[in-house]
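Me: I would like to learn how to read the features of a structure that is new to me. Could you take me through them one at a time?

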Amino acid sequence: FGRADLHPVSRKVLALSGAVGVAANAGCYAYVPVSPRQAPESDGAAVRVTLTAGGTEDLARCLGPRVHAVDGSIASIDAEGNPVIGVTWVQLVDGSRQPWMGEGVVTIPAADIADVAVHTLDRRKSYVAAAIVGIALAAITYAALQGGGGNIRDNPGDGNPLTSRLP
């Protein structure tokens with residue numbers, strides 16, 4: 001079942017469905033910086049913690065070398081007020097991001113934290129994504145209604161195998 005076998009309307013519907021999926025998964029969320037003292041203390045809050053240069057060195061044994069920031073969720077706050085993070089992604093000093101392959105949670109000492117950002121809904125991006133989804137759904141509906149029945153004709157001898165008759 002290759003792409004050439006698809007009806008042109010089916011190709012359009014698949015392309016538009018892909019656009020809807022991309023828009024729906026587009027980043028409707030953003031990391032908003034807060035001061036470390038304003039960082040959420042509720043368990044499960046999604047955060048990005050940027051480390052100091054010393055924090056990158058101090059936490060290399062837990063997070064890996066050259067880790068500049070971590071994304072994850074707050075598992076708890078320890079007795080000294082340090083966040084315990086369930087890390088999901090790490091950002092290296094060169095800017096590249098990768099999934100964190102470690103296990104468990106990581107306690108990040110307050111002295112090693114340069115910045116904290118909270119993962120929150122970005123209303124503007126959400127409105128844009130909703131508009132794109134709406135336009136794509138309208139286009140899919142239009143394409144489906146305009147699709148018709150294809151190229152089947154009942155003209156003997158036109159080369160169409162559906163109209164060939166056995167003697």
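Reply: Start with contact, which means heavy atoms within 4.5 Å. Keep in mind that the model is predicted.

Me: Leaving aside neighbours within four places in sequence, which residues is Pro 65 in contact with?
Reply: By that cut-off, Pro 65 is in contact with Ala 60 and Leu 92, once neighbours within four places in sequence are set aside. Pro 65 is found in the loop between H3 and E3.

Me: How far apart are Pro 65 and Val 93 in sequence and in space?
Reply: In sequence, 28 residues separate Pro 65 and Val 93. In space, their C-alpha atoms are 9.3 Å apart.

Me: Is Pro 65 buried or exposed?
Reply: Buried means under 20% relative accessible area, and exposed means over 50%. Pro 65 has 63% relative accessibility, so it counts as exposed.

Me: How do I apply this to a whole strand, and how many residues of strand E4 are buried?
Reply: Look at each residue of the strand in turn. Strand E4 covers residues 83-92, and 7 of its 10 residues are buried, so the strand is largely enclosed by the rest of the structure.

Me: Next, strand pairing. In which sense do E3 and E4 run, and how many bridges join them?
Reply: Two strands pair if there are at least two bridges between them. Strand E3 (residues 67-77) is joined to E4 by 9 bridges, and the two run antiparallel. To see one position in this pairing, find Ile 74, which stands opposite Ile 85 in E4.

Me: What should I look for in the hairpin of E3 and E4?
Reply: Look at the residues between the strands, of which there are 5 in this hairpin. Gly 81 takes a positive phi near 90 degrees there.

Me: Over how many bridges does E4 pair with E5?
Reply: E4 pairs with strand E5 (residues 97-99) over 3 bridges, in the antiparallel sense. Gln 91 stands opposite Arg 97 in E5. The hairpin of E4 and E5 has 4 residues between the strands, and in it Gly 95 takes a positive phi near 95 degrees.

Me: And how many bridges are there between E4 and E6?
Reply: Strand E6 (residues 106-107) pairs with E4 over 2 bridges, again in the antiparallel sense. Thr 107 in E6 is the bridge partner of Val 84.

Me: Which strands can I follow from E2?
Reply: Follow E3 and E7. E2 pairs with E3 over 5 bridges in the antiparallel sense, and the bridge partner of Val 49 is Val 70 in E3. E2 is also joined to strand E7 (residues 113-121) by 5 bridges, and these strands run antiparallel. Leu 51 stands opposite Ile 113 in E7.

Me: Now charged side chains. How many salt bridges does the structure hold?
Reply: A salt bridge needs a side-chain nitrogen of Lys or Arg within 4 Å of a carboxyl oxygen of Asp or Glu. The structure holds 3 salt bridges.

Me: Where is Asp 71, and what does its side chain meet?
Reply: Asp 71 is in strand E3. Its side chain meets that of Arg 48 in a salt bridge, at 2.7 Å from N to O. This pair links distant parts of the chain, with Arg 48 in strand E2 (residues 46-51) and Asp 71 in strand E3, 23 residues apart. The side chains of Asp 71 and Arg 97 also meet in a salt bridge, at 2.8 Å from N to O. Arg 97 lies in strand E5, so this pair ties together parts that are 26 residues apart in sequence. Arg 48, Asp 71 and Arg 97 are thus linked in a network of salt bridges.

Me: Are Asp 71 and Arg 97 buried or exposed?
Reply: Asp 71 has a relative accessible area of 5%, so it is buried. Arg 97 is partly exposed, at 42%. Not counting residues up to four places away in sequence, Asp 71 touches several residues, including Tyr 31, Val 47 and Trp 89.

Me: Which residue forms a salt bridge with Asp 94?
Reply: Arg 66 does, with the closest N and O atoms 3.9 Å apart. Asp 94 lies in the loop between E4 and E5 and Arg 66 in the loop between helix H3 (60-63) and E3, so the pair ties together parts that are 28 residues apart in sequence. Asp 94 counts as exposed at 52% relative accessibility, while Arg 66 counts as partly exposed at 43%.

Terms used
Residues numbered from 1 in each chain as written. Predicted model: local features only at pLDDT ≥ 70, side-chain atom pairs only at ≥ 80, totals over all residues. Heavy atoms only, no water. Buried < 20%, exposed > 50% of the residue type's maximum accessible area, 1.4 Å probe, protein only.
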